[in-house]
Amino acid sequence: MRRAFTEFGFIIVFPRVLCILALALFSGLAHASSVLFLNPGFSHERFWVSYSQYMQDAAGDLGMQLEVLYGERDANNILRHAHQILQRPRKPDYLVFVNEQYVGPELLRLFADSGVRLFALHSTLTPEQQALAGGPRGKYANWIGSLVPNDEEAGYLMAKALIALAPRSGADLVAFSGVKNTPSATLREQGLHRALAEHPQMRLRQLLYGEWKEERAYEQAQALLPRYPEVELVWSTNDEMAFGVMRAAKEQGRQLRYTALNNSPRALQARVDESFSVLATGHFILGGCAMVMLHDHSRGLDFAERGGLEQMAHLLRLVDGQEARRLLNRLQRPDIGLDFRRFSAARQPKMKGYACSIDSLLR
């Protein structure tokens with residue numbers, strides 16, 4: 001390239017043109033990194049759709065290409081998408097997957113010799129799975145890393161806050177978790193049990209799997225609540241199930257206290273008006289944070305040097321009514337005003353770890 005420029009006199013005659021061409025070349029490279037996200041959720045599911053939208057926001061900020069394929073909460077659909085991707089003449093640079101329904105090891109096996117770099121997001125391989133498949137950059141060298149939220153801590157914080165609201169030292173509670181074979185649900189349950197171990201006077205009457213769905217939790221609560229007339233507290237791993245239990249409780253004339261986890265307008269408003277006593281949120285930008293890490297990796301700024309191959313983002317936090325109102329107002333804007341470039345090592349070459357958070361949205 002330098003010879004061609006010299007021959008045509010661009011360096012001598014048009015130095016500014018050379019700069020422009022160099023910038024254009026750099027810009028082209030910046031836009032070259034492509035990411036495909038195998039979204040495990042339904043294509044109409046509010047949480048997973050908004051999750052993808054924040055990833056798209058980050059891709060736009062960072063000059064990356066992002067494609068999203070929805071698994072419709074069906075492991076077979078996810079694997080079908082994977083096979084179709086492998087048949088493409090041009091494959092993505094990065095494939096982002098979620099270990100929902102424990103599909104991670106099969107995806108690693110399928111893409112082992114594909115030239116595509118894999119990244120686990122939201123939930124990674126379990127310790128049992130890693131005992132067989134190994135960790136990132138091991139048996140599967142193209143599995144470059146993972147990023148997960150602090151699910152266990154969130155379950156613990158919600159339970160501790162709920163227990164603090166108990167009207168007496170010992171009280172009864174029921175719990176609603178998501179899908180049984182989902183790492184996020186399992187980890188949040190572990191947090192609940194950690195909190196209960198610290199308060200043996202609390203009695204967990206029953207834990208049910210509401211499959212993240214309002215209608216399912218409503219049906220379960222209709223039968224469950226009459227069985228336990230002393231129950232006053234409801235721990236739930238998401239907002240939809242909490243709303244389902246709340247509906248059943250109102251029909252039965254019960255006044256209960258609820259935890260929930262999410263960032264839907266309905267959930268945030270419920271925290272504002274105190275229908276939810278406890279609300280955890282923040283994980284909705286996790287995919288955007290992963291895009292930052294992949295952006296840096298594609299430019300030779302390896303995230304492994306800034307926190308390790310497998311990282312946990314402490315995004316999930318409890319929000320009070322005022323914080324919920326601020327977040328509700330920010331998320332209702334067309335642009336929430338979060339520039340993901342601010343979290344990149346490209347802007348902070350000396351940073352020792354990623355500090356992706358929703359703090360600026362709460363101010």
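Begin by selecting strand β1, residues 34-39, together with strand β3, residues 94-97, and you will see two strands that pair in the parallel sense over four bridges. Keep in mind throughout the tour that the model on your screen is predicted. Within this pair, pick out L38, which stands opposite F97 in β3.

Now widen the selection to the whole sheet around these strands. In what order do the six strands of this open sheet lie? The order is β2-β1-β3-β4-β5-β11, and the pairing is parallel. Go to the edges, where β2 (65-70) and β11 (310-313) stand; each has a single partner strand, so one side of each is left without a neighbour in the sheet. If you turn the view to follow the strands, the twist averages 20° from one strand to the next.

Next, select helix α5, residues 75-86, which lies across β1, β2 and β3 and runs at about 155° to β1.

From there, move to T126, a residue found in the loop between β4 (117-121) and α7 (127-133). Is T126 buried or exposed? Its relative accessibility is 14%, and because buried means under 20%, T126 counts as buried. Show the residues around T126 and, leaving aside neighbours within four places in sequence, you will find that T126 is in contact with N99 and Y102.

The following stop is β9, residues 257-261. Four of the five residues of β9 are buried, so this strand is largely enclosed by the rest of the structure. Add β8 (231-236) to the selection, and notice that β8 and β9 pair in the parallel sense over two bridges, with L233 standing opposite R257 in β9. When you also show helix α11, residues 239-251, you have a right-handed β-α-β unit made by β8, α11 and β9.

Continue along the chain, which crosses from β9 through helix α12 (residues 265-272) to β10 in another β-α-β crossover that is right-handed. Strand β10, residues 278-281, runs parallel to β9 and is joined to it by three bridges, and here L261 stands opposite A280 in β10.

Finish with helix α9, residues 183-198, which has 16 residues and reaches 23 Å from its first C-alpha to its last, close to the 22 Å expected at 1.5 Å a residue. Colour the buried residues of α9, among them P183, R188, L192 and L196, and then ask which elements they pack against. The buried residues of α9 pack against α8 (151-164), β6 (172-177), β7 (203-209), β8 and β9, which brings you back to the two strands you selected earlier.

Note on methods:
Residues numbered from 1 in each chain as written. Predicted model: local features only at pLDDT ≥ 70, side-chain atom pairs only at ≥ 80, totals over all residues. Heavy atoms only, no water. Expected span 1.5 Å × (residues − 1). Buried < 20%, exposed > 50% of the residue type's maximum accessible area, 1.4 Å probe, protein only. Contact = heavy atoms within 4.5 Å. Pairing = 2+ DSSP bridges. Axes fitted to C-alpha atoms, helices over the stretch in contact; angles between N-to-C directions. Right-handed = clockwise from strand over helix to strand, strands pointing away.
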